[in-house]
Amino acid sequence: MTSNGSVDAIVPENEAGDDVQPLNGILSPGFINAHCHIELSHMKAVIPEHTGLVEFVKQIIYKRENPFSENLSEDYFEKLLDIKHKAMSRAVDELYNSGTVAVGDICNTADSVELKKDSPLYWHNFVEVSGFVDAVAAKRLATAEDILLSFIKAGAKEGNSLSPHAPYSVSAALFKLLNEKTTGQLISIHNQETLAENELYINKTGAFLELYEGLGINIDHFLPTGKTSIKSWLPYFNNGQKIISVHNTFTSADDIAHNASPISYCVCINANLYIENCLPPLDMLMDNGCHIVLGTDSYASNWQLNIFEEIKSIQQHFPHISLENILKWATSNGARALGIDDFFGSFEKGKKPGLVLIDAGIARRMEA
Ligand SMILES: [Zn+2]
């Protein structure tokens with residue numbers, strides 16, 4: 001490797017010269033975390049485990065601006081911003097030290113713009129849009145475009161795009177607007193994270209109805225499609241988008257059988273265990289030749305932001321899947337999904353993939 005971290009050449013040991021450092025363990029290219037929410041880093045351990053997704057979403061809405069249930073003093077939001085910045089900064093350190101080099105990061109605010117300006121990591125910012133009522137679609141989109149602009153103006157090398165939050169929080173009108181606004185771009189969406197999402201689309205039944213009622217959202221306009229969630233939202237995107245579909249916990253083989261769009265299926269196993277105490281359908285995704293990538297989700301639903309802990313969790317629950325396969329998901333597949341495989345994801349001449357040493361159950365970043 002050259003001094004700036006790019007791969008100079010891959011050579012056999014007997015041609016490597018004298019300056020060779022022997023290492024124990026596995027040397028891997030840097031990890032790609034395809035799904036994170038760095039701006040929720042102040043929510044570590046705020047929401048209890050195993051609430052189920054609908055209750056989790058409710059608690060995120062109520063607690064993200066008041067995680068510690070404080071009485072709101074005059075300078076509360078200033079203090080909270082400081083807490084958020086410190087938590088995000090600690091989270092980036094954890095990502096970096098445990099070997100992550102690039103992140104697909106969901107943004108609902110511009111809180112992380114400054115942090116990302118001088119970050120040692122590559123970020124693709126997915127500025128998320130939600131609104132389950134058609135009437136708010138244009139307004140919500142305009143707000144998200146302002147946030148997107150703050151990331152673009154920060155002038156970083158990163159990728160930036162708008163993205164729908166989830167099928168249960170995006171109206172038909174908003175899906176249509178997003179399809180227009182994201183032509184040819186990379187987008188991300190939370191998909192089939194709970195069974196209730198399919199129930200909503202198939203029959204307009206299930207736990208989401210209580211959520212809307214609790215939030216005072218009238219969903220009289222919503223017509224069930226009679227199809228599962230992914231079969232209902234995917235057809236909205238017909239302008240050449242590349243899609244990272246996140247979670248897919250309740251996705252079936254039938255759901256993915258006829259997907260024409262280039263989709264990466266992002267697995268966040270620890271978040272699934274944290275929120276719903278269930279496992280992603282990894283065998284089904286593998287059997288169907290899906291492009292699998294890994295993500296941590298946020299501190300609100302994970303004990304850490306460490307891709308190697310995701311790998312270990314997969315090994316624990318799916319012992320028949322080889323480490324080689326899982327490492328591919330965490331590196332080259334992730335880089336391809338984020339469209340950064342010219343630089344990241346594998347040891348090839350000219351790439352600058354980062355260097356991770358895996359030994360004794362721990363992954364740590366090595367300086368090149
Ligand atoms: Zn998420």
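# Helix packing and a zinc site: worked exercises

Helices α1 and α7 (residues 208-215) pack with their axes 9 Å apart, at an angle of about 25 degrees. The model is predicted, with local features needing pLDDT of at least 70 and side-chain atom pairs counting only at pLDDT 80 or more, while totals for chains, interfaces and linings use all residues. Residues are numbered from 1 along each chain as its sequence is written, and side-chain values use heavy atoms, leaving out hydrogens and water.

**Exercise 1.** Classify the packing of α1 on α7 and list the residues that meet.

*Step 1.* Start from the angle of about 25 degrees between the axes of α1 and α7. That makes α1 roughly parallel to α7 (angles under 35 degrees count as roughly parallel, over 145 as roughly antiparallel, 65 to 115 as roughly perpendicular and the rest as oblique). The axes are lines fitted to C-alpha atoms, for helices over the stretch in contact, and the angles run from 0 to 180 degrees between N-to-C directions. Helices (H or I, at least four residues) and strands (E, at least two) are DSSP runs numbered from the N terminus.

*Step 2.* Next, the handedness: α1 passes α7 in a right-handed crossing (the near helix is turned clockwise from the far one by less than a right angle; anticlockwise would be left-handed).

*Step 3.* On the α1 side, Leu-53, Val-54, Val-57, Lys-58, Ile-61 and Tyr-62 take part, and they meet Phe-208, Leu-211, Gly-214 and Leu-215 of α7. Contact means heavy atoms within 4.5 Å.

*Step 4.* Now look at burial. Leu-53, Val-54, Phe-56, Val-57, Gln-59 and Ile-60 of α1 are buried (under 20% relative accessible area; exposed is over 50%, partly exposed in between, with a 1.4 Å probe and protein chains only). Their cover includes α7 and α10 (269-275).

**Exercise 2.** Work out how α6 is oriented against α7, and through which residues they touch.

*Step 1.* Helix α6 (residues 195-203) packs on α7 at about 85 degrees, with 9 Å between the axes. The two helices are therefore roughly perpendicular to each other.

*Step 2.* From α6 come Ala-196, Glu-197 and Leu-200, and from α7 come Phe-208, Leu-209 and Tyr-212. Phe-208 also appeared in the α1 contact.

**Exercise 3.** Describe the crossing of α4 and α5.

*Step 1.* The axes of helix α4 (residues 137-153) and helix α5 (residues 172-181) come within 9 Å and cross at roughly 40 degrees, so the pair counts as oblique.

*Step 2.* α4 passes α5 in a right-handed crossing. Ala-137, Ala-138, Leu-141 and Glu-145 in α4 meet Ala-173, Leu-174, Leu-177, Leu-178 and Lys-181 in α5.

**Exercise 4.** Find the protein donors of the zinc ion and explain why their arrangement is called irregular.

*Step 1.* The donors are His-35 (NE2), His-37 (NE2), His-190 (NE2) and Asp-297 (OD), lying 2.1 to 2.4 Å from the ion. Donors are N, O and S atoms within 2.8 Å of the metal (3.2 Å for Na, K and Ca); water is not among the atoms, so sites may look incomplete.

*Step 2.* The four donor atoms subtend angles of 85 to 170 degrees, which makes the arrangement irregular. Four donors count as tetrahedral if all angles lie between 85 and 135 degrees; four count as square planar and six as octahedral if opposite donors are over 155 degrees apart and all others between 65 and 115; anything else is irregular.

*Step 3.* Along the chain the donors follow the spacing H-x1-H-x152-H-x106-D. Distant parts of the chain are linked here: His-37 sits in the loop between β2 (31-36) and α1 (53-63), and Asp-297 sits 260 residues apart from it, in the loop between β9 (291-294) and α12 (307-317).

*Step 4.* His-37 and Asp-297 are both buried; at 5% relative accessibility, Asp-297 meets that label.

**Exercise 5.** Compare the backbone and setting of Asp-297 and His-50.

*Step 1.* Asp-297 has a positive phi, near 60 degrees, in a residue other than glycine. His-50 is not a glycine either, and its phi is positive at about 60 degrees.

*Step 2.* His-50 lies in the loop between β2 and α1 and is partly exposed, with a relative accessible area of 44%.

**Exercise 6.** Trace what Tyr-299 touches and decide whether it is buried or exposed.

*Step 1.* Tyr-299 is placed in the loop between β9 and α12. At 7% relative accessibility, Tyr-299 counts as buried.

*Step 2.* Not counting residues up to four places away in sequence, Tyr-299 touches Leu-40, Ser-41, Met-43, Lys-44, Ala-45, Ala-91, Glu-94, Gln-304 and Leu-305.
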